[in-house]
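Work through the exercises below with the coordinates open. Each task is followed by a stepwise solution.

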Amino acid sequence: MPKGMWYARYLGNVITWCNNMGAPNTIWKRLDMMVYNSQWYELYGRTTVTHPANTYSDHVPLLIQFSFIKKVNVRYFNFLNFWPDHEDFSNVVKSIWEEDIQGNPLWSLYQKLKRTASKLSSWSREAYGDIHEEPRRLEREISNLEMILMNDNSGGNRTKLYKSKAEYIRYLKIQDFILRQKARVKWLSEGDSNTSYFHNVIKDKRRKLGINKIQNEYLQWVEGTKEVSEVASRYFQGIFSQKPEYNDYSKLNIIDPVVSEDINKN
């Protein structure tokens, strides 16, 4: 399998080819499959292959279905590893945890963790700006400063150019840290800066975690993000919720009580 290529997930029997020689010389193999790269995944990430029943050929036909992934931008809090290197990081966290919160200890802990996540997210935007847009802005700034330096090779212009280049390199390193953290891969003790490799690792993790189809309680295949989530929700509700039970004790009234009310009182 070439680097950055994946096998499409399939439904049905694993076997796609048979030589039809009869026992004991019958050979069963999975020869037919679909392979796609990261560019295909970007366009048609919801790609599935179905292996229908074999009829006239010794090869099973492949029914390929693909659709465009509708990106849902759900932002979850992620602690970024380069934050502690900032000079203001410790003061920001310290100020949050020194706040007095009324309530029991667990409630206080929950509120402080919640406020820490919210404050660090807003602080990161203030301290670093848009991590993806800043390098592009600095590229344009460096290009303009180089043009100015050609016409006026003064010390002040050189200082501005070197400062912009240093800032540009800093943001490139920050982007590399983020990609490494998302990919959760240590490549030769974190010695390789192969950005495309980390992008492919992230895409592969998303591909494996994605659910394109699911069977509902009636054993019917369901597709679509909303439909799949509804089936999963009903399934877990059935596991973790208890149906109300109604017991009819009226039949017990025909049994004569052995213990009287006077005995109960005594």
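**Exercise 1: a loop residue**

Leu219 is exposed, with a relative accessible area of 64%; buried means under 20% relative accessible area, exposed over 50%, and partly exposed in between, with a 1.4 Å probe and protein chains only. The model is predicted: local features need pLDDT of at least 70, side-chain atom pairs count only at pLDDT 80 or more, and totals for chains, interfaces and linings use all residues. Residues are numbered from 1 along each chain as its sequence is written, and side-chain values use heavy atoms, with hydrogens and water left out.

Task: state where Leu219 lies and what is notable about its phi.

Solution.
1. Leu219 belongs to the loop between strand 8 (213–215) and strand 9. Helices (H or I, at least four residues) and strands (E, at least two) are DSSP runs, numbered from the N terminus.
2. Phi of Leu219 is near 60°, which is positive although the residue is not glycine.
3. For reference, most residues other than glycine have a negative phi.

**Exercise 2: a strand residue**

Task: decide whether Val222 is buried or exposed, and list its contacts beyond four places in sequence.

Solution.
1. Val222 sits in strand 9 (residues 221–223).
2. Its relative accessible area is 15%, so Val222 is buried.
3. With neighbours within four places left aside, Val222 is in contact (heavy atoms within 4.5 Å) with Asn212, Lys213, Ile214, Asn216, Glu227, Val228 and Val231.
4. For one of these, Asn212, the C-alpha separation from Val222 is 8.6 Å, at 10 residues along the chain.

**Exercise 3: the sheet around strand 6**

Task: give the strand order of the open three-stranded sheet and the sense of each pairing of strand 6.

Solution.
1. Strands pair if DSSP finds at least two bridges between them.
2. Strand 2 (residues 9–12) and strand 6 run parallel, joined by four bridges; Arg9 has Thr48 of strand 6 as its bridge partner.
3. Strand 6 pairs with strand 7 (residues 63–67) in the antiparallel sense, over five bridges. On this side Thr47 stands opposite Phe66, and Thr50 stands opposite Leu63.
4. The order is therefore 2-6-7, with mixed pairing in an open sheet.
5. Strand 2 and strand 7 are the edge strands, each pairing on one side only. From one strand to the next the twist averages 25°.
6. Five of the six residues of strand 6 (residues 46–51) are buried, so strand 6 is largely enclosed by the rest of the structure.

**Exercise 4: helix 2 against helix 3**

Task: describe the packing of helix 2 and helix 3, then place Ser95.

Solution.
1. Two packed helices are described by the angle between their axes and the distance between the axes.
2. For helix 2 and helix 3 the angle is about 150° and the axes are 9 Å apart. Axes are lines fitted to C-alpha atoms, for helices over the stretch in contact, and angles run from 0 to 180 degrees between N-to-C directions.
3. The contact involves Phe89, Val92, Val93, Ile96 and Trp97 of helix 2, and residues of helix 3 including Leu109, Leu113, Thr116, Leu120 and Trp123.
4. Ser95 lies in helix 2 and is partly exposed, with a relative accessible area of 37%.
5. The side chain of Ser95 reaches the backbone oxygen of Val92 at 2.7 Å.
6. Ser95 and Thr116 are 21 residues apart in sequence, with their C-alpha atoms 9.6 Å apart.

**Exercise 5: nonpolar cores**

Task: which residues of the largest nonpolar core touch the most other members, and which helix gives the most to it?

Solution.
1. A nonpolar core is a set of buried Ala, Val, Leu, Ile, Met, Phe, Trp, Tyr and Cys residues joined through side-chain atoms within 4.5 Å.
2. The largest core has 19 residues, of which Phe82, Trp83, Trp123, Tyr128 and Ile174 touch the most other members.
3. Two or more residues each come from helix 2 (89–97), helix 3 (105–128), helix 4 (134–151) and helix 5 (155–183). Helix 5 gives the most, with five residues.
4. Another core, of six residues, lies apart from this one; among them are Ala8, Met34, Tyr36 and Tyr41.
5. Beyond four places in sequence, Phe82 is in contact with Tyr128, Ile131, Ile174, Phe177 and Ile178.

**Exercise 6: the chain as a whole**

Task: how many helices and strands are there in the chain, and what share of its residues count as buried?

Solution.
1. The chain has eight helices and nine strands.
2. Of its 266 residues, 26% count as buried.

Key:
Polar contact = N/O pair within 3.5 Å; in protein donor to acceptor, adjacent residues only side chain to side chain.
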